[in-house]
Amino acid sequence: MSTRLFLAHPRSVGESYAEHAATAARFGVTMMIGGAACIVHAVLRFLFVRTASDSVKRLYAQMKARQPAFAKQQAAFRQPEWQLDYEI
C-alpha cells in the first residue's frame, strides 16, 4: 500500500521518489518567487516587470518537456503563437 501511495506517481513519470521530490520542490519555489514578484509588482509597477511571466513560460516549457507525448514538440512552444500578448 505505501509503495503504491509514494512511488506510483514518480514511477509513472520515470523518476525516483527523491528525483520527483526535488523537481516538485524546485517548481514550487519558482512559483512562490514568481508570486512574490507579482505582489511587489502590483504596488511598485516598475519592479519585476517580466519576472512572473518569464517564470510561468519557463515552468510551462519544462513541464511539457517532461511529458513523453510533448517531448518532441518542445520547440513548438517557442513559436510566436505560444508567446503571450502581454506581460504580468
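Is Arg50 buried, partly exposed or exposed, and what is its relative accessibility? Select Arg50 and check: its relative accessibility is 42%, so Arg50 counts as partly exposed. Keep in mind as you click around that this is a predicted model.

Stay on Arg50 and add Asp54 to the selection. The two form a salt bridge, with 3.4 Å between the closest N and O atoms. Asp54 comes in at 30% relative accessibility, so Asp54 is partly exposed too. Don't go hunting for another pair like this, as the structure holds one salt bridge.

Next, pull up the helices. Select 17-43 for helix H2 and 51-66 for helix H3. Turn the view until you can see both axes: they come within 8 Å and cross at roughly 160°. That angle is over 145 degrees, so H2 runs roughly antiparallel to H3. While you're there, look at the handedness: the crossing of H2 and H3 is left-handed.

Now go to the loop between H2 and H3 and pick out Phe48, which sits there. How exposed is Phe48? Its relative accessibility is 40%, so Phe48 counts as partly exposed.

Last stop: keep Phe48 selected and add Val40, Val43, Leu44, Phe46 and Leu47. Switch on the surface, and you have a nonpolar patch of about 550 Å² made by these residues. Val40 and Val43 fall within the 17-43 range of H2, while Phe48 brings in the loop between H2 and H3.

Key: Residues are numbered from 1 along each chain as its sequence is written. This is a predicted model: local features need pLDDT of at least 70, side-chain atom pairs count only at pLDDT 80 or more; totals for chains, interfaces and linings use all residues. Side-chain values use heavy atoms; hydrogens and water are left out. Patches are made of residues with over 30% relative accessible area and no salt bridge: like charges are joined within 9 Å, nonpolar side chains (Val, Leu, Ile, Met, Phe, Trp, Tyr) within 5 Å. Accessible areas come from the Shrake-Rupley method with a 1.4 Å probe; for residues, only the protein chains shown count as cover. A salt bridge is a side-chain nitrogen of Lys or Arg within 4 Å of a carboxyl oxygen of Asp or Glu. Helices (H or I, at least four residues) and strands (E, at least two) are DSSP runs, numbered from the N terminus. Buried means under 20% relative accessible area, exposed over 50%, partly exposed in between (1.4 Å probe, protein chains only). Axes are lines fitted to C-alpha atoms, for helices over the stretch in contact, and angles run from 0 to 180 degrees between N-to-C directions. Angles under 35 degrees count as roughly parallel, over 145 as roughly antiparallel, 65 to 115 as roughly perpendicular and the rest as oblique. A crossing is left-handed if the near helix is turned anticlockwise from the far one by less than a right angle, and right-handed if clockwise.
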